[in-house]
Amino acid sequence: MIGSGPDRVPSSADRKQARRELHNAAERQRRVDLTKALLELSSLLFPVPPDRPPTRIDIINSAIAHIRATQDQTELAAQEMRIMDNELAILRYEVNDWRTSAGVVPLKEPARRQNGGEEGLHLQWLDGDWA
């Protein structure tokens with residue numbers, strides 16, 4: 001038979017079948033990877049109930065709700081920080097006003113850290129030593 005040995009050139013149908021099998025294998029692996037990722041995401045969001053595992057849409061909706069709640073909490077914390085910064089500025093003004101009336105040198109504005117952290121500022125405030 002012609003073309004039946006190991007040296008035969010694959011036909012167009014054989015090449016098409018090989019491409020289809022390769023594509024199917026890649027698609028199957030993509031689905032497996034997506035399922036693993038969704039299961040991991042669901043385990044971060046809520047415990048998986050033994051009677052009915054969450055659907056993909058349950059997982060996605062929970063992730064959206066979690067992200068929105070986190071954004072809301074972050075915005076609320078930022079608002080509270082702005083309020084506290086304003087209160088601190090008012091208190092600093094009052095203390096410096098009292099210090100000036102008592103003949104004591106007013107305190108300088110504190111040096112803020114680059115990352116916004118204020119660890120140790122209370123000690124600097126008590127010492128009156130601002131770097």
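**Group meeting: a walk through the helices**

Let's start with one residue: arginine 30 is partly exposed, because its relative accessibility is 43%. We'll come back to its partners in a minute.

First, a word of caution. What you see here is a predicted model. The average pLDDT for the protein is 82, and 78% of the residues reach at least 70. Where is the mean pLDDT highest and where is it lowest among the elements? Helix H2, residues 56–101, comes out highest at 94, while helix H3, residues 121–127, comes out lowest at 47. Over residues 120–127 the pLDDT stays under 50, and the model has nine contacts beyond four places in sequence for that stretch.

OK, back to arginine 30. Which residue does arginine 30 form a salt bridge with? That's glutamate 27, with the closest N and O atoms 2.6 Å apart. The two are three residues apart in helix H1, residues 12–45, so about one helical turn separates them. Glutamate 27 also meets arginine 31 in a salt bridge, at 3.9 Å from N to O. That pair also lies in H1, four residues apart, again about one turn of the helix. Why does that spacing work? An α-helix has 3.6 residues a turn, so residues three or four places apart point the same way.

How open are these side chains? Glutamate 27 has a relative accessible area of 24%, so it counts as partly exposed. Arginine 31 is at 40%, so that one is partly exposed as well.

Moving along the chain, arginine 52 forms a salt bridge with aspartate 58, and here the closest N and O atoms are 3.3 Å apart. Back in H1, shared partners join Glu27, Arg30 and Arg31 into one salt-bridge network. In total the structure holds five salt bridges.

Now for H2 itself. Does its length add up, or what should we expect for the span? At 1.5 Å a residue, its 46 residues should span 68 Å, and the end C-alpha atoms are 67 Å apart, so the two agree. Ile59, Ala63, Arg92 and Asn96 are buried in this helix. On the surface, though, Ile57, Ile60 and Ile64 form a nonpolar patch with about 250 Å² of accessible area together. Take isoleucine 64, which sits in H2: its relative accessibility is 37%, so it counts as partly exposed.

One last stop: after H2 comes glycine 103, with a positive phi near 80 degrees. That's my tour, thanks!

Technical notes: Residues are numbered from 1 along each chain as its sequence is written. Side-chain values use heavy atoms; hydrogens and water are left out. pLDDT is the predictor's confidence in each residue, from 0 to 100. Contact means heavy atoms within 4.5 Å. Patches are made of residues with over 30% relative accessible area and no salt bridge: like charges are joined within 9 Å, nonpolar side chains (Val, Leu, Ile, Met, Phe, Trp, Tyr) within 5 Å. Accessible areas come from the Shrake-Rupley method with a 1.4 Å probe; for residues, only the protein chains shown count as cover. A salt bridge is a side-chain nitrogen of Lys or Arg within 4 Å of a carboxyl oxygen of Asp or Glu. Buried means under 20% relative accessible area, exposed over 50%, partly exposed in between (1.4 Å probe, protein chains only). The expected span of a helix is 1.5 Å times one less than its number of residues.
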